Amino acid sequence: QWLSDRKKRALQKKDVDIRRRIELIQDFEMPTVCTKIKVSRDGQYVMAAGTYKPRIRCYDTYQLSQKFERCLDSEVVTFEILSDDYSKIVFLQCGRFVEFHSQHGHYYKTRIPKFGRDFSYHYPSCDLYFVGASSEVYRLNLEQGRFLNSLQTDASESNVCDINPVHFLFAMGTAEGKVECWDPRTRNRVGLLDCALNSVTADTEIEGLPSISALKFDGALNMAVGTSTGQVLLYDLRSSNPLIVKDHHYGLPIKSIQFQHQLDLIISADSRIIKMWNKDTGKIFTSMEPEHDINDVCLYPNSGMLMTANEAPKMNIYYIPVLGPAPKWCSFLDNLTEELEENPESTVYDDYKFVTRKDLENLGLAHLIGSSLLRAYMHGFFMDIRLYHKAKMMANPFAYEEYRREKIRQKIEETRAQRVQLKKLPKVNKELALKLIEEEGEEQQVARKRKQKNLPSLLKDDRFKVMFENPDFQVDEQSEEFRLLNPLVSKISEKRKRKLKLLEELEAQEQEEEEEPEGKASDAESSESSDDEKGWVEEVRKQRKLLRQEEKVKRQERFKEDQQTLLKPQFFEIKEGEEFRSFKDSAKKQKLMKKTLGDRLKLEEKLGTLDVSDTTVGSKQATFKLKKSEQQRKQQEAEKQHRQERKILRRSASHLKSKRGRGRLFH
C-alpha cells in the first residue's frame, strides 16, 4: 500500500503471485469502512452497507460489477433483504430510523421509540421484530402498516435476535447473557437459557458478565449463541445445557455465526479471526486472520466462497474449494485453483531491509519508531537499505576486524578438510556400507586409470536410503540362505568388524577431543590376508559341517514334537448326490498329476477319451472327450431305460390294434 505506482508496476512484472491475483467483482469496496454484507436469496445480488458517507451498494454477480449505489441520511446498523432480489430492503439506522427501499429507491421512513440494535422478519405474519436499548421488543406489521403491541421482556437491553426458519420461534439475546424464546402466535415466552453461566468452563478466563453478541438457528432444533467474551455455544432446543462450548481465546465479541452443512461446520468470527470447526467434535477445520478487523461474514449459499466486511475500504472474498464448488457465476475459479502452485514464492523487497526492534536498538535508531522512515510489518519494521548501511557503518566501526576474523576461520576450516577424514557409517547395515565404500574406492582407481566417469554411489542414492536407516532391512548373517550364498563371508566379515571397531573408537576419541587422531597401523590385517587365501577350503568345509549339524538338531526337535502330539481322527462331509467309493481315487489322481504330459496322453488314448491324428500341414490334432460325473451317468442310464420302456409300449399298442382289425374282418 505504501509503495509508489511506479514500483508497483515494476513489482507486478517480477512477482508471479501479484500477476495471478483476480479481481472477481469490479470495484468491490467502500470509501472507508464496510459494516454489513449480505447475499440475496436468488444468489444474483450482493449488498453491502458502509461509510463514509453512509451508503448502500448493490453488486450484480452475473455482470461482475456494481449495479447501483444509494446514499443514506445516517449509518446503517443492519439491514434485511425481504424479497428474492433487491426490490424490497429494510434498513435499521443509527438515529432510531427504519427505512424501506423498493426497486426504484427510497420508499418510506419511520422511527422506533428506542435505539435499535437488530431486527428480524416474521414471514407468516409480515411482522418486523426490533430489539435494542429497551426491555421491549417492538413489532411493526408491514401488511397493516402500523405498530402492534410490543413484547415485554425481563431484560434491560437486547443485542441480537433471530427467527427459526422451520417453526418460526423468535429468540433474542440479552445484555445479561440470557436467551429468551417467544412464540409469535401466542406472544408468550416459552423458554429461557442462561448462556452466561454455561459459557464459563474450567479453561476459560473472563472479565465481567458475558452478554449475547450473536445468535443463529440451524434447522428446527439447533441454535448457536456467541458471547461478548469470545465463546460460541451450540444448543439443542430440547436441552438447557450446551452440546459444545468453543472458545476463540481472544476475549473479543463474536460478530457472526454461519452454518456450513456439507462438512457439518460452524463458521464463527470475531473482529480478529474467522474459525471453522466441526459442530459435533469441536475440532478446528481451519482459521483465517485478515489484515484488518472483521465487521461481518457472509457465506455464499451452496458454495465454498466467503465474503467479509472489514474496517478497511476493500471487502475480501475468500474461496475455499474444500467447503464446496465455486458459484456458477465464477465457475472458472475451480480450474484456476488447480493450476495455481501450492507453495507461492515469498515477495523479496530489494530496496528495503527488514529489522526487528532489537536491531534498531543496536543501531541506535529506536527513536525513529513511528516516523515515516520505518514501516511497521509483522514483528518488525521495513527501512530503506541505504539508511541501514549508513547506520551500520556508524554503529559498528570495527566491522573490518570481524570480516578479517571470519576469513581466517574459513581458511583454517579449509586446511582441516584436507586432513584424513573419518567416514561416518550409517546405523543400519554398517558392514554392507563398509563393503560398498571399499568397492567404490577400487572402482574410482580403475576409472581414473581408464579415464571413465565415476558411477553414482548406492550410499548417496535416495532410492536405497531406507536400506541404511530402517532396522527392518538389517542383513541377518546367521540365516541359512546367507551362509549358503556367502560361505567365505565369515573371514571377510571379521576383517570388516575390526575396521568397524577401529572407526567407532576413532569417532569416540573425536567426540572427546577436538583434534583428529592420527590413526593406527594395521599390521595384523596384512599378516592375516595370506592366511585367508590359504585356508578358504577349510572354511567352506566348516560351514557345511555346521549346516549339517544344525539340520540334525532341527530334525530331532521335530521328531520329539511329533511323538508328543496326539493325532485325532478327521471326519469329512460328502456332498449331496455323491457316493463314497474309496481313497484310492484321490491316490490315483495324485499319481496321474505327477506323470508327464506324454504319459498322460498315452493313458488317455488307451482309455479312449483322447484321439490324436496328423493334419495335412504337419501338425497334430487332439480331440478330447470329457469324463462324465456319476450323476450324469445315472441320468443317462435312466433316460436310456425310459426310451426302451416307451419302445416296448408302442410295440404292444400296435400289436393290439392289428389284432382288433383282424377280428372285425373275421366277423
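1. Let's start with the open sheet in this predicted model. Four strands line up in the order β1-β2-β3-β4, and the pairing is antiparallel. At the edges sit β1 and β4 (65–71), each of which pairs on one side only. Ignoring direction, neighbouring strands of this sheet are turned by 20° against each other on average. As background, the strands of a sheet pair through backbone hydrogen bonds, either parallel or antiparallel.

2. Take the β1 and β2 pair for a closer look. The two run in the antiparallel sense, with 6 bridges between them. If you want a spot to find on screen, look for Lys38, which stands opposite Met47 in β2.

3. Next, the loop joining those two strands. Gln44 is found there, between β1 (33–39) and β2 (45–51). Is Gln44 buried or exposed? Its relative accessibility is 17%, and buried means under 20%, so Gln44 counts as buried. The side chain of Gln44 makes a polar contact with the side chain of Tyr45 at 3.4 Å, and another with the side chain of Asp60, also listed at 3.4 Å. Setting aside residues up to four places away in sequence, Gln44 touches Tyr59, Asp60, Thr61, Tyr62 and Tyr300.

4. Now the largest nonpolar core, which has 21 residues. Which of its residues touch the most other members? They are Phe28, Ile37, Met305, Met307 and Trp329. The elements giving two or more residues to this core are β1, β2 and β26 (305–310), so strands β1 and β2 of the open sheet turn up here again. Met305 is a good residue to click on: leaving out neighbours within four places in sequence, its contacts include Leu24, Cys298, Ile317, Pro327, Trp329 and Leu333. Tyr300, which we met as a partner of Gln44, is also in contact with Met305.

5. Apart from that core lies another one, of 14 residues, with Leu169, Leu193, Ile212 and Leu215 among them. Leu215 has its place in strand β17 (residues 212–218) and, at 10% relative accessibility, counts as buried. Beyond four places in sequence, Leu215 touches several residues, including Val160, Cys161, Ala171, Met172, Val179 and Val225. Have a look at Ile257 as well: Leu215 and Ile257 are 42 residues apart along the chain, with their C-alpha atoms separated by 7.1 Å.

6. Thr153 deserves a stop. It lies in the loop between β12 (146–152) and β13 (158–163). With a relative accessibility of 6%, Thr153 counts as buried. A polar atom of the Thr153 side chain lies 2.4 Å from the backbone oxygen of Ser135. Neighbours within four places aside, Thr153 is in contact with Ser135, Val137, Met172, Glu180 and Trp182. Met172 is also on the list of residues that Leu215 touches.

7. On to charges. Side chains of opposite charge can pair when their charged atoms come close. How many salt bridges does the structure hold? There are 17. One of them joins the side chains of Arg189 and Asp154, 2.7 Å from N to O. Arg189 lies in strand β16 (residues 188–194) and Asp154 in the loop between β12 and β13, so the pair ties together parts that are 35 residues apart in sequence. Arg189 is partly exposed, with a relative accessible area of 36%, while Asp154 counts as exposed at 63%.

8. Another salt bridge brings together the side chains of Arg185 and Asp183, at 3.1 Å from N to O. The two partners sit on opposite sides of the burial cut-offs, where buried means under 20% and exposed over 50%. Arg185 counts as exposed at 71% relative accessibility, whereas Asp183, with 14%, is buried.

9. Helix α12 has its own example. The side chains of Arg555 and Glu551 meet in a salt bridge of 3.8 Å, N to O. Why are these two about one helical turn apart? Because they are 4 residues apart in helix α12 (residues 536–564). Glu551 is partly exposed, with a relative accessible area of 34%.

10. One last thing to check on screen: Arg55, Arg57 and Glu69 are linked in a network of salt bridges. Glu69 falls within the range of β4 (65–71), one of the edge strands of the sheet in the opening point.

Conventions
Residues are numbered from 1 along each chain as its sequence is written. This is a predicted model: local features need pLDDT of at least 70, side-chain atom pairs count only at pLDDT 80 or more; totals for chains, interfaces and linings use all residues. Side-chain values use heavy atoms; hydrogens and water are left out. Buried means under 20% relative accessible area, exposed over 50%, partly exposed in between (1.4 Å probe, protein chains only). A polar contact is a pair of N or O atoms within 3.5 Å; within protein, one must be able to donate a hydrogen and the other to accept it, and residues adjacent in sequence count only if both atoms are side-chain atoms. Contact means heavy atoms within 4.5 Å. Two strands pair if DSSP finds at least two bridges between them. Axes are lines fitted to C-alpha atoms, for helices over the stretch in contact, and angles run from 0 to 180 degrees between N-to-C directions. A nonpolar core is a set of buried Ala, Val, Leu, Ile, Met, Phe, Trp, Tyr and Cys residues joined through side-chain atoms within 4.5 Å. A salt bridge is a side-chain nitrogen of Lys or Arg within 4 Å of a carboxyl oxygen of Asp or Glu.
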